[in-house]
Amino acid sequence: MTVTTSNCPNCGGEIRFLWPGAVQTTCPYCRSILVRTDIDLRRVGEVSTVPPSTSRIRIGARGSYRGRAFTVVGRIVYEYERGRWSEWHLGFADGASGWLSDAQAEYAVSFLVPDHGPLPASDQLRAGTELERNGGRYQVSTVTRAHYVAVEGELPFEYWDGSDSVFVDLRAPDGRFSTIDFSDEQPLLYDGEVVGWDDLHLTGLAAEDDEVTRVQGTVGFNCPKCGSAIALRDPDNTVNVACESCGTVVDATSGAARILQEYLGKVRVKPLIPLGTFGTLHGHKWQVIGFQQRTMRAEGHDYSWREYLLRNPEQGYRYLTEYDGHWSDVAPLRGVPEKSGVLEMTYAGETFKHFQTATSRTSFVLGEFPWQVRLGDEVEGMDYVSPPRMLSREDADGEQTWSVGEYVTGDAVWRAFGLPGEPPKPKGVFANQPNPKKAGLRWIRTAFVLSALLLVGGCLARVSSAGRTVTEERFGYIPGGPAGGAVASSEFTLDGRTSNVEVEIRTNLDNGWGYFDLALIDAEHGTAKEVGREVSYYHGMDEGESWSEGSEHESVTIPEVPPGRYFLRIGVEAQQPMGYTVTVKRDVPDVIAFLVVFVLLAIPWIIAEVGPYSFEVARWAESDHPKTSSSDDDDD
């Protein structure tokens, strides 16, 4: 980037322009605000004191965004109810102008959209409002009323004063980010995306230990209530701090250390991770700077969990939450989830089921927070789970925030923060706790399915290849006829291995019955296997409705018949004359045996399913959607 120089019209100091498109800059010597014209610099005012920042970003720092090199050339500081944030002006090597929003170490790069078309009025936008634009869905995440504090360095426009303005931030599911700036009569639109610190590849930063307090002299002070020393660990961003000795909430935005709220409760909660402790998560060093207990009430009982606020100067903030020994590692989302069903949300391709909606209150607080925290603060929260992850939405003070947590073991937390002893043992089942009883279940299911398929295949092969007809003969019967209706079939041969024989009898009975005495006789040895079957068939009309009972045919299976020559002796007793056909089949498949084997194969699978299902029942018992019957879906 070409650096041009000029001189300050007020003090004569050298002015170096880092970005050729700069319209306004500030003199580093006399703090004059200078506007560049075609021929010279014009002094238009004097910049107010620029609040120091503990951010390592400085004017002159270099970086790249999506492969485009930039230099940090300017800065506008805004202040709102919960603190301050910086808009760093980026001068790109290709001449473009962009902005890096630095709000409590959460970063977004955006660019002015010149022809954005009509935009809704600020009073039409609320947290959660959805807008369709750029071919995608955006959701309002925050509506912030802020005022200008100071400027420094180079800007692409004249800006050295300002009144209260409304800024509306929008987020899309894929991390795209927009800001509607209502500071002018015609609102301005900036499009970009939320980025991580590592995505910016920044160099030329302030040294890590070069922290400057936002309010000089307030790195530490004494608690105005109990006199205990309070040392701020995040002086640039801390809005209020709860004294670790007496719990009094103190204003940390000025040197006055004003009491905001006294702690009058008798019960104190001791953090399992002491404030100030450093630990390593995801390859970065984090410090515990704040602790609060939140409590919700359901069915007459209070349920409390603990939240530890972690801070890394570059990576921002994240949390560890703990409930009955169950821990989750929680980070803010860059985008917003999409609703994918009545009770489902989808984020990054993963579907989460609604677990619970509840209002919680802050029941105890210690340490520092970059936002206002008071005992009794209430937040409406919605949780969606896809173990081991949980999506959470919180609505408070016109702001809607999403975060994603991942279940971690107490042992992992203890190792990360080098804590002595052992973590408390978890009790019960937590919302996003992985189901340990599902370990190996997938293999058991696979083994069962494969075994069942083999069994069915074997059954089908058996049916298709067996049950062949050996002989079939037709006979007649007349009551009172010769030999009492007894007849003998022709001889037939049963070959192959010892197996069963099925005898099927088909009659032309009509509203009558017949009883058949069957004897399968070995023609060579004279031995017999005797069985009997009754065939009965009745039908008629009753009050205009037809009815029937029984069947005109019947069958009987004779087991374990060796090969050889046989014939059937058939004795008949019946009420009416009839004709009947006797069919002999060899080696008929026994479906019952296949069913028995199938049930035996299913028993281990059924037993294996019981444990995981019981775990899921216990999980969802604490939700808004308890499992009440076997028809409820398993979340596998």
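**Exercise 1. Confidence**

What pLDDT does the protein average, and what share of the residues score at least 70?

*Solution.* The model is predicted. Start with the average: the pLDDT is 88. Then take the share: 94% of the residues score at least 70. Next, go by element. Helix α1 (residues 410-417) has the highest mean pLDDT, 97. Helix α2 (residues 441-465) has the lowest, 80. Finally, look for weak stretches. Residues 212-217 stay under 50, and the model has 19 contacts for them beyond four places in sequence. Residues 629-636 are also below 50, with 20 contacts beyond near neighbours in sequence.

**Exercise 2. Ser-328**

Find the place of Ser-328, then decide: is Ser-328 buried or exposed?

*Solution.* Locate the residue: Ser-328 sits in strand β25 (residues 326-332). Check its relative accessible area: 4%. Buried means under 20%, so Ser-328 is buried. Now list its surroundings. Leaving aside neighbours within four places in sequence, its contacts include Tyr-319, Leu-320, Glu-406, Val-408 and Phe-430. Asn-432 is another of these contacts. The side chains of Ser-328 and Asn-432 make a polar contact at 3.2 Å.

**Exercise 3. A four-stranded sheet**

Work out which strands stand at the edges of the open sheet β32-β41-β35-β39.

*Solution.* Read the order first: four strands, paired antiparallel. β32 (468-477) and β39 (553-561) each have a single partner strand, so one side of each lacks a neighbour in the sheet. These two are the edges. Neighbouring strands are turned by 15 degrees against each other on average, direction ignored. Now inspect one pair. Seven bridges join β35 (residues 499-507) to β39. Here Val-503 stands opposite Val-556 in β39.

Methods: Residues are numbered from 1 along each chain as its sequence is written. Side-chain values use heavy atoms; hydrogens and water are left out. Buried means under 20% relative accessible area, exposed over 50%, partly exposed in between (1.4 Å probe, protein chains only). A polar contact is a pair of N or O atoms within 3.5 Å; within protein, one must be able to donate a hydrogen and the other to accept it, and residues adjacent in sequence count only if both atoms are side-chain atoms. Contact means heavy atoms within 4.5 Å. Two strands pair if DSSP finds at least two bridges between them. Axes are lines fitted to C-alpha atoms, for helices over the stretch in contact, and angles run from 0 to 180 degrees between N-to-C directions. pLDDT is the predictor's confidence in each residue, from 0 to 100.
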